[in-house]
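Open the model in your viewer and keep the sequence panel beside it. This tour goes from one selection to the next.

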Amino acid sequence: MSEKIRRLRRCQLSVPGSSEKMMAKASAMSVDYVFLDLEDAVAPSEKRPARQKIVTALNTLDWGRTVRCVRVNDLTTEYAYEDIIEVVEGARENLDMIMLPKAMSASDVQFVDKLLTMMEKKLGLKKRIGIDVLIEEVEAMQNVEAIAASTPRLECLIFGMGDYSASQGVSMRDIGGDGGYPGDIWHYQRHRLTIAARSNKIDAVDGPYADFKNPDRYREEARRAMTLGMVGKWAIHPAQVSLAQEVFSPLQEDVDRARDMIKAYDEALAQGLGAVQYEGKMIDIASVRIVRNLVERADLIGM
Ligand code: COA
Ligand code: MG
C-alpha cells in the first residue's frame, strides 16, 4: 500500500465541524477537497459534540467527488486521539483523510499513521485513510524534510501562515503584506516546504487568507504559491473556492500545447534526436519534464 494516491487539492475548503448548516452547504459546492474542522474553528465547549455532527455529515450528505477530510486537534491536546477514533469508527469508508495540525516532528505523523493502521485492521476498512499535515510552527519548519519523509501515508504538506506567524513572531500587519517588508514574507517558507514535499512526491498546499472580501489579494497569494510548485490553496469562505480552483487549473491552450510538445519530442526521439526546435525554441527532455507536471494535473482534473 505504499503507492501514492493522487487527489485534487486546488482548493481545500475549511468548514467548522460544529456547523451542520455550513457542512451541508459545503457538500453541495463541488470543491475539490473539504476538511471538516475540530480544531481552531470549533470552541472547546463544542469540540466533543462536533465529532458526531461530523460523522453524521460524512455518512448522510452527498459529497460527490469531493475529497472528505477531518482536521483533528493537535497531539498536545486531550482531544486528538478520541477525535481520530470517533471520526474513523463513525464514518469508516466515508472518510478519505485525516489532517494533523501543528505537527512538530516525523514522530507526530508516525503516531497518527500507526493509530490509523490499527483502526483499519480492526474495522476491516477496504481503503487506506491518507494524512495531510500542517506545517505551522517554527520547529516544524526546521523539521520539514523529516516530516515530509515520515510515512508513505502522508499525501500533502500545508503551509499554515496564521499559527506560523505567531510561532515566528511576525506581526498582523506584516501577514497582510502591509508592513513595508521588501518582498514576499512567505517566499522562504513556501519554497522550503514545497521542496520538501516534492522531493517525497507529495503535494504542497498554501494555507488560509482571512480577508475573504478581497479577491484580488487572494488571487495574488494563490498565484505566488502556484509559481513555486504548490498545487492549491485553502478557502475559509465559499467566495474563495472558485478563485482557487481557477488559479490552480491550467489553461486548456497550455494543456493542448504541452501534449503537442510531448508528441513532437517523442517523434524526435524516434529519429534519434535528443533536442529539437518546437515553435522556434529548443526543447529537450527537461522541457518535457516541466510540461508533464501540467499534463498530470490536467489528467487529474479531467481536462
Ligand atoms: N463553509 C461552508 N459554508 C460557509 C463557510 C464555510 N467555510 N463560510 C460561510 N459559509 C456560508 C454561511 O453559512 C452563509 O450561508 P447562508 O447564505 O446560507 O446563510 C454563506 O456562506 C455566506 O457567509 P457570510 O454571511 O458571508 O459569512 P458568515 O458570517 O456566515 O461566516 C466566517 C464568516 C468567517 C465566520 C465563516 O466563513 C467561517 O466560519 N469560515 C471558516 C473558518 C475556519 O474554518 N477557520 C479555521 C481554518 S483557518
Ligand atoms: Mg493553525
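## Stop 1: the metal site

Select Glu136. This residue is buried, because its relative accessible area is 3%, under the 20% cut-off. Bear in mind that the model is predicted.

Now add Asp163. Its relative accessibility is 24%, so aspartate 163 counts as partly exposed.

Show the magnesium ion, ligand 2. Its protein donors are Glu136, through OE, and Asp163, through OD. They lie 2.0 to 2.2 Å from the ion. Colour by element of secondary structure next. Glutamate 136 sits in the loop between strand E5 (130–135) and helix H5 (138–142). Aspartate 163 belongs to helix H7 (residues 161–168). The pair is 27 residues apart and links distant parts of the chain.

## Stop 2: ligand 1

Move to ligand 1 and select its shell. Which residues come nearest? Of the 14 around the ligand, they are Ser14, Lys21, Lys25, Ile236 and His237. Colour the shell by class: eight residues are nonpolar, two polar and four charged.

Then check three polar distances:

- Serine 14: an N or O atom of the side chain is 2.4 Å from an oxygen atom of ligand 1.
- Isoleucine 236: a polar backbone atom is 2.7 Å from a nitrogen atom of ligand 1.
- Histidine 237: an N or O atom of the side chain is 2.7 Å from an oxygen atom of ligand 1.

Switch on the ligand surface. Ligand 1 taken alone exposes 880 Å², and the protein buries 61% of that.

Finish with the cartoon. Strand E1 (11–16) and helix H1 (20–27) are the elements that give two or more residues to this shell.

Notes
Residues numbered from 1 in each chain as written. Chains lettered and ligands numbered in written order. Predicted model: local features only at pLDDT ≥ 70, side-chain atom pairs only at ≥ 80, totals over all residues. Heavy atoms only, no water. Near = heavy atom within 4 Å. Polar contact = N/O pair within 3.5 Å; in protein donor to acceptor, adjacent residues only side chain to side chain. Areas by Shrake-Rupley, 256 points an atom, 1.4 Å probe, with all protein chains shown as cover. Helix = DSSP H or I, 4+ residues; strand = E, 2+ residues; numbered from the N terminus. Nonpolar A, V, L, I, M, F, W, Y, C, P; charged D, E, K, R; others polar. Donors = N, O, S within 2.8 Å, 3.2 Å for Na, K, Ca; no water. Buried < 20%, exposed > 50% of the residue type's maximum accessible area, 1.4 Å probe, protein only.
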